[in-house]
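Please examine the arrangement of helices, strands and aromatic rings in the structure shown here. The paragraphs that follow lead through these topics in turn.

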Amino acid sequence: MTAEAQGVGRSTEPIDLQALVETIPALVVCALADGSAEFANRAWHEYTGCSSPELSGWGWHATIHPDDLPNFIQEWTVATATGKPFETEARVRRADGEYQWFAIRKALAVSRDQVGEPSLRALIACEDIHERKQVQERLQQSEQRWQTAFENSAIGIMMRDRADRFFAANRAFRDMLGYTESELYQLCQLDVTYEEDRDLNLDLIRELWEGKRQHFQIEKRYRRKDGTLVWVRNNVTLVPGAGGVAFFLFTIVEDITERKKEESERRYIEQRYRVMVETASDAVVCIDERGAILLANPATTKVFGYDPADLIGKPLTMLMPEYLRKLHEDGFRRYSATGQRHINWQGTELTGLRKNGQEFPVEISFGELTADGHRIFTGFVRDISERKQAEGLRASLHATQLELAQVSRLTTMGELAASIAHEVNQPLTAVTNNANACLRLLARRNLDPEVLRCALEEIVADGTRASAVIARIRAFIKKAPAERKELDINDVIQEVLALARRELSENRVLLELQLTNALPLVLVDRVQLQQVLLNLIMNGIEAMAAVTDRRRMLWVQSQVGEAGDVLVAVLDSGTGVGSESDRVFTPFFTTKANGMGMGLPISRSLIEGHGGRLWSSPNSPHGAIFSFTLPAAAGSPP
């Protein structure tokens, strides 16, 4: 035994106690009744690396971890005061400075001092439990991680016993059903399972308990606390009992309500589209990547003459004329390889081939989708034979309408013959007078250059004026294609009033213009708009021909309409149209003794052709109002 092992107590303690302490494999400190150390065994010195002076007295407390020392001293004091056994756990510093866990126990020993008197000693034994503590800590950490994961999992987790009662459920599951923890633990699973789903659920659980299966998955409905239903997918596993724990059912619960809703909506959409395809009046044909027909709806029979079953597996080219087949095959191969389309897939007009060999015009639209890695193409084929015939008829009607408009303009010019003659005659008379004046000056040899220059300028001006009148008339009656330009509608109104000025004067009609400046421009054909305005103004003049008891007034107004378009109105104080306000736009209906009944219908068609509207209404207290609107040109300032 070394001097350190023998310690400070060699002169006071009998050698047999020290020898006994040295035989103990644990770390042992021999202490007096007050807890101060007398000596320690070799194992203690070797483990702590401390000398006897460092351990003597209360110095041995320095080897205990500072965080564990207060508890150690408290428990020692209580045990000493009450006489109870002392046992605790603390970390003891190793010679290299590391701390290890030890179970520390106190045992009392009685020895005799040098004079033979009994002396009470405390043997403090330290058993290494570091590995056990590490295992416990790892187990606690594992349990803590499991508890944290269990409680904070986004997916519901719950456990049930043999009686089907809940004994554990995480927050996600409780929130899913709307129950508190205490409320849920009073229930069985069947209490919250939707009635229609109970039987299948019970059968599967019974098979688990009977050992016929280890787990199962089921989609079912739970009834929440508020009575609403929630769709879930349960993964149920039977966990074997161990360590006194009975068998139990471990269940992962996933809320699939949204997925079920989406599936229901998808089924509804699929059913709706299936009904649409089956009842569509257009032929619907689906083809695969090889161009073979996969599906054809019943309307295919009406369009092509084939029974849908006869088309399945056949190439799409059998519905095309011979001259289109090679073009389609080449284009389809190119698209499959490069994605480049050779035709527009939306609303393209082509030629189809009926079963009887008849070719006919069709309009096709195609769509593409990928299913299970394969591309499927769906085509909608519409027979447009009737539409093409209608388009031809409309073109013919349009040509006829233009002819009627031309006739109407010629007729109007005939009615304005006197006014036209007056407009032309005035400048021609002035030209003649000025020319005669020049001749008289020449005859008298009175060739004053200034007088002659003025006369010639007047001749030129009057000739230009007459030419302008004739040019306007020629443009008005000229048979030419419509040409739309952006115009100020007030300028057009002034041009028309120049043609109708004599008619207004001869019929003693007072004109009042109420034109709004800076109107938006309109995109119109000048001649057609002149025709409409002239027709409305002449109608207003004629409507007042029989009026003798009041002034004959004609108002022409222009302004911005409520919708931002341009509004023009022609008002008169004539006899009005009464209950015939809309019938006057019917072809061949007229209130004039010698009218054809085509002026207003043609005017309405011209305005509607420009995207506008023409209508009539009563004027208070007398007369009628004819109004029309025209959309403002794109980009025109309001």
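**Helix packing, a sheet and aromatic pairs**

In this predicted model, helix H19 (residues 526–543) packs against helix H20 (residues 599–609) at an angle of about 145°, and their axes lie 10 Å apart. The crossing in which H19 passes H20 is left-handed. On the H19 side, the contact is made by Gln528, Gln531, Val532, Asn535, Leu536 and Asn539, and on the H20 side by Gly599, Leu600, Ile602, Ser603, Leu606 and Ile607. Of the residues in this contact of H19 with H20, six are nonpolar, six are polar and none is charged.

H20 also takes part in a second arrangement: it lies across E21 and E22, and runs at about 130° to E21. Both strands belong to an open sheet of five strands with mixed pairing, in the order E17-E19-E20-E22-E21. Strand E17 (510–515) and strand E21 (613–618) are the edge strands, each pairing on one side only. On average, and with direction ignored, neighbouring strands of this sheet are turned by 15° against each other.

At the E17 edge, the pairing with strand E19 (residues 553–560) is parallel and extends over six bridges. Glutamine 514 has glutamine 557 in E19 as its bridge partner. Helix H18 (residues 489–506) packs on the sheet and touches E17, E19, strand E20 (566–572) and strand E22 (624–630). The direction of H18 makes about 180° with that of E17.

The aromatic residues give a further view of the structure, which holds 12 aromatic pairs. The rings of phenylalanine 167 and phenylalanine 248 have centres 5.7 Å apart and planes at 85°; the pair is therefore edge-to-face, as the angle is over 60 degrees. Because phenylalanine 167 lies in strand E7 (residues 166–169) and phenylalanine 248 in strand E10 (residues 248–255), the pair ties together parts that are 81 residues apart in sequence. Phenylalanine 167 counts as partly exposed, at 39% relative accessibility, whereas phenylalanine 248, at 16%, counts as buried.

Phenylalanine 304 and phenylalanine 360 also form an edge-to-face pair, because their ring centres are 5.7 Å apart and their planes stand at 65°. This pair links distant parts of the chain, with phenylalanine 304 in helix H12 (residues 299–304) and phenylalanine 360 in strand E14 (residues 359–371), 56 residues apart. Phenylalanine 304 is buried at 3% relative accessibility, and phenylalanine 360 is buried with a relative accessible area of 2%.

Finally, one aromatic cluster is formed by Trp44, Trp60, Phe72, Trp76 and Phe86.

Note on methods: Residues numbered from 1 in each chain as written. Predicted model: local features only at pLDDT ≥ 70, side-chain atom pairs only at ≥ 80, totals over all residues. Heavy atoms only, no water. Axes fitted to C-alpha atoms, helices over the stretch in contact; angles between N-to-C directions. Helix = DSSP H or I, 4+ residues; strand = E, 2+ residues; numbered from the N terminus. Left-handed = near helix turned anticlockwise from the far one by under 90°. Contact = heavy atoms within 4.5 Å. Nonpolar A, V, L, I, M, F, W, Y, C, P; charged D, E, K, R; others polar. Pairing = 2+ DSSP bridges. Phe/Tyr/Trp six-rings, centres within 6.5 Å; stacked < 30°, edge-to-face > 60°. Buried < 20%, exposed > 50% of the residue type's maximum accessible area, 1.4 Å probe, protein only.
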